[in-house]
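Student: I should like to go through this entry and ask how each structural label is justified.
Tutor: Please proceed; each label will be set against its criterion.

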Amino acid sequence: MKILITGTAGFIGFHVAKKLLERGNEVVGLDNLNDYYDVRLKYGRLAETGIVEKEIEYCKLVKSTNLPDYRFIKLNLEDRENIQKLFAEEKFDIVCNLAAQAGVRYSIENPYAYIDSNIVGFMNILECCRHNSIKHLVYASSSSVYGLNAKVPFSEDNKTDSPVSLYAATKKANELMAHTYSHLYHLATTGLRFFTVYGPWGRPDMAPMLFAKAISEGEPIKVFNNGDLSRDFTYIDDIVEGVIRVIERKPNEEDNYKIYNIGCSEPVKLLDFINTLETCLGKNAKLTMMPMQQGDVYQTYADTTNLEDDFGYKPTITLKEGIREFVKWYKKY
């Protein structure tokens with residue numbers, strides 16, 4: 001299959017692209033390489049897949065030096081003209097849209113970035129899929145759509161109409177937009193509500209990397225809500241396995257709009273997560289207890305029954321195993 005994956009300089013997109021290439025697919029990766037976090041990490045991920053930094057130019061397809069079926073293009077999702085041109089020329093079979101302006105807290109500081117990328121950009125993806133006979137659009141949603149929902153575990157049939165951040169609101173909007181296109185144009189769409197993902201090459205703005213850095217350097221860790229938080233931490237390899245299963249299965253034509261939770265279904269207390277990091281790093285953390293942070297939620301807990309029933313998805317990597325692999329990479333990086 002020929003697959004477009006957006007966000008391949010990002011954490012999940014990088015790993016998904018590598019795995020799809022290993023399985024014999026032709027992949028075109030897309031990313032705008034913005035500076036939301038240190039771009040050196042993004043260029044490092046690209047280098048792992050044979051994309052040479054000095055070869056990258058806006059709207060230019062770059063061939064991988066070590067993966068013959070991989071090419072990369074630097075492009076903004078909101079660049080309608082060039083996105084349309086890419087689709088028309090490349091004739092993809094499947095699109096996996098993992099690109100988005102990420103981060104709950106940053107959406108409070110810079111709201112327009114989320115509208116440009118997550119709303120306008122996603123609209124461009126939908127239109128291009130509609131007009132280019134794309135067989136299946138798989139896209140990233142988020143557990144943040146559950147917002148103030150107090151019922152746990154979070155199930156796909158829970159209400160998601162109380163977002164507490166603009167980021168969450170844009171992800172909910174993506175699901176509604178996809179539903180419209182599935183209904184009107186019979187475009188097969190599958191949204192994946194990601195929970196907290198961690199592992200090698202992870203994002204530096206997320207807790208695992210922030211905590212590992214602070215512990216390693218003897219700096220204090222800000223622990224919000226005095227540590228009374230829990231997260232559905234899922235190791236990247238388990239997440240990739242689930243995404244690949246969804247991408248590779250032909251959707252049911254009679255039920256062409258799907259939403260799935262993708263997580264571990266075993267929430268971990270934040271302080272337990274920090275303790276596991278301390279053990280693997282061999283250093284104790286300095287904790288600074290803080291009140292609840294604006295736009296945050298108390299817990300995330302995925303009910304993944306539907307993904308398990310339809311795709312046989314079942315995470316296998318324990319927190320201790322996952323943190324050990326993450327720390328091994330972190331020390332090397």
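Student: In which helix is the place of phenylalanine 122?
Tutor: In this predicted model, phenylalanine 122 belongs to helix H5, which comprises residues 111-131.

Student: Why is phenylalanine 122 called buried?
Tutor: The relative accessible area of phenylalanine 122 is 1%. Buried means under 20%, so phenylalanine 122 qualifies as buried.

Student: Which residues does phenylalanine 122 touch, not counting residues up to four places away in sequence?
Tutor: With that exclusion, the contacts of phenylalanine 122 are Asn97, Ser117, Leu137, Tyr139, Asn174, Met177 and Ala178. Each counts as a contact because heavy atoms lie within 4.5 Å.

Student: How many salt bridges does the structure hold?
Tutor: There are 18 salt bridges in the structure.

Student: What makes the pairing of glutamate 248 with arginine 23 a salt bridge?
Tutor: The closest N and O atoms of glutamate 248 and arginine 23 are 2.8 Å apart. The criterion is a side-chain nitrogen of Lys or Arg within 4 Å of a carboxyl oxygen of Asp or Glu, so this pair satisfies it.

Student: Which parts does the pair of glutamate 248 and arginine 23 tie together?
Tutor: Glutamate 248 is in helix H8 (residues 236-248), whereas arginine 23 is in the loop between helix H1 (11-22) and strand E2 (26-31); the parts so joined are 225 residues apart in sequence.

Student: Why does arginine 23 count as partly exposed?
Tutor: Its relative accessibility is 46%. Partly exposed lies between under 20% and over 50%, so arginine 23 falls in that class. Glutamate 248, at 33%, is likewise partly exposed.

Student: How do you know that aspartate 93 forms a salt bridge with lysine 135?
Tutor: The closest N and O atoms of aspartate 93 and lysine 135 are 3.7 Å apart, and the limit is within 4 Å, so the pair qualifies. Aspartate 93 lies in the loop between helix H3 (80-90) and strand E5 (94-97), and lysine 135 in the loop between H5 and strand E6 (136-142), 42 residues apart.

Student: What makes lysine 135 exposed?
Tutor: Lysine 135 has a relative accessible area of 55%. Exposed means over 50%, so the label applies to lysine 135.

Student: Where do glutamate 241 and arginine 245 lie?
Tutor: Both are in helix H8, four residues apart, about one turn of the helix. Their side chains meet in a salt bridge, at 2.7 Å from N to O.

Technical notes: Residues numbered from 1 in each chain as written. Predicted model: local features only at pLDDT ≥ 70, side-chain atom pairs only at ≥ 80, totals over all residues. Heavy atoms only, no water. Helix = DSSP H or I, 4+ residues; strand = E, 2+ residues; numbered from the N terminus. Buried < 20%, exposed > 50% of the residue type's maximum accessible area, 1.4 Å probe, protein only.
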